[in-house]
Amino acid sequence: MSASSSNSLKAEPNLTPLLDVVFQLITFFMLVINFSNDNYDSRIKLPVAGSARPLDDPAMLLEDRLILNVDSKGQLLFNGKIFSGGQAVEQIKFEAQLARENLKTLRGKKVDPSEGLPTRVVIRADRDTPFTPFFNIITACQTNGFRKFDLKAMNGQ
Amino acid sequence: MKRKPQEDVEIPITPMLDMAFQLLTFFILTYHPSPTEGQFSMNLLPAQPVINMNAPAADSAASNSELPAGLKTLPTTLLAADDGMLAKVTLGENQIEGMEAFTKELTTILKDPTLPFDQTIIKVDSRLKYSELMKVINVFSELKVNKISFAEMGADEGTPP
């Protein structure tokens with residue numbers, strides 16, 4: 001009896017190309033995934049503005065940013081909590097103090113009151129927010145030393 | 001001479017494939033393609049009077065950059081309707097209705113070489129919706145006016161006498 005007839009037949013599919021494809025897909029998703037959107041609240045419906053440009057300056061991406069979401073009732077949504085009126089102002093005051101402490105301890109730098117804080121305040125306000133609460137938040141930021149602001153809008157183009 | 005049978009070393013690929021599929025599932029489930037957000041970047045200083053009454057009179061020979069800030073600031077007032085939409089815009093002393101007319105008027109003002117305006121203070125009705133304000137900021141931004149400051153309109157302001 002020949003040896004070949006006694007061996008049982010093995011059907012082994014070649015999994016290597018499949019693995020290659022899966023790794024390519026994983027690479028794609030790893031590159032496009034964005035964990036930095038955690039501070040962005042999906043409840044906020046941004047207004048549309050054609051000339052609002054996406055952030056393209058790499059230097060601005062490295063800046064310290066404070067993201068403030070304002071809902072349609074004018075309440076501040078921050079770190080998963082809702083702050084209204086005076087609470088929002090207190091929270092902004094606290095964040096400004098925190099930014100000052102960070103500058104002092106981490107960089108050994110004291111903030112010049114005339115220059116203001118280097119932190120950029122990103123305001124994501126809902127399209128239906130009345131002007132008064134939005135203005136109160138901006139005023140609270142200015143009073144506490146924030147000078148740089150980004151007003152977010154959907155790019156309408 | 002007798003040859004040794006060749007030994008095949010097989011690396012088990014199946015567990016690696018399982019793990020790769022698990023990773024793929026994780027990335028597919030956590031992937032939320034976010035729409036492109038734009039922004040208007042601005043430096044907003046604390047509120048201060050734009051017209052300094054004690055400022056020296058502008059010299060006609062002086063360049064535009066030497067003029068006091070108050071003279072270079074175009075006052076803009078936004079009045080809201082009851083539903084929070086934009087009802088009327090006052091540009092300087094001109095009352096305008098509608099976004100198209102506002103864009104046209106603003107373009108005319110900014111293209112006029114005799115007028116020194118390069119910044120604006122927008123006085124806004126407290127009821128005005130943010131989306132309407134952004135439309136106005138958008139027009140200023142398109143016309144390269146990036147020095148913008150905000151003020152809130154008083155309760156008795158903007159109503160006809």
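1. Two strands are said to pair if DSSP finds at least two bridges between them, and the strands themselves, like the helices, are DSSP runs (E of at least two residues for a strand, H or I of at least four for a helix) numbered from the N terminus. In that sense L91(B) stands opposite N94(B), a residue of β4(B), and β3(B) is joined to β4 (residues 94-96) of chain B by three bridges, the two strands running antiparallel. The hairpin that these strands make has two residues between them, and G92(B) takes a positive phi there, near 65 degrees.

2. This is a predicted model, in which local features need pLDDT of at least 70 and side-chain atom pairs count only at pLDDT 80 or more, whereas totals for chains, interfaces and linings use all residues. Residues are numbered from 1 along each chain as its sequence is written, chains are lettered from A and ligands numbered from 1 in the order in which they are written, and side-chain values use heavy atoms, with hydrogens and water left out.

3. On its other listed pairing, β3 (residues 86-91) of chain B lies antiparallel to β2 (residues 73-80) of chain B over five bridges, with T76(B) opposite L91(B). β2(B) and β3(B) form a hairpin with five residues between them, and in its turn G84(B) has a positive phi of about 90 degrees.

4. Strand pairing also crosses between the chains, for β6(A) is joined by seven bridges to β1 (residues 37-43) of chain B in an antiparallel arrangement; within this pairing, A153(A) has G38(B) as its bridge partner.

5. The contact (heavy atoms within 4.5 Å) draws 51 residues from chain A and 42 residues from chain B. In chain A, the residues that lose the most area to chain B are F29(A), F131(A) and L151(A), which together account for 16% of what that side buries. The buried area (accessible area, with a 1.4 Å probe, lost by two parts on being put together and summed over both) is about 4,200 Å² between the chains, and carbon and sulfur atoms give 66% of it.

6. Two salt bridges (a side-chain nitrogen of Lys or Arg within 4 Å of a carboxyl oxygen of Asp or Glu) are counted between chain A and chain B. In one salt bridge, the side chain of D128(A) meets that of K129(B) at 3.6 Å, N to O. The elements giving two or more residues to the side of chain A that touches chain B are α2 (16-32), β5 (117-125), α5 (131-143) and β6 (146-155) of chain A.
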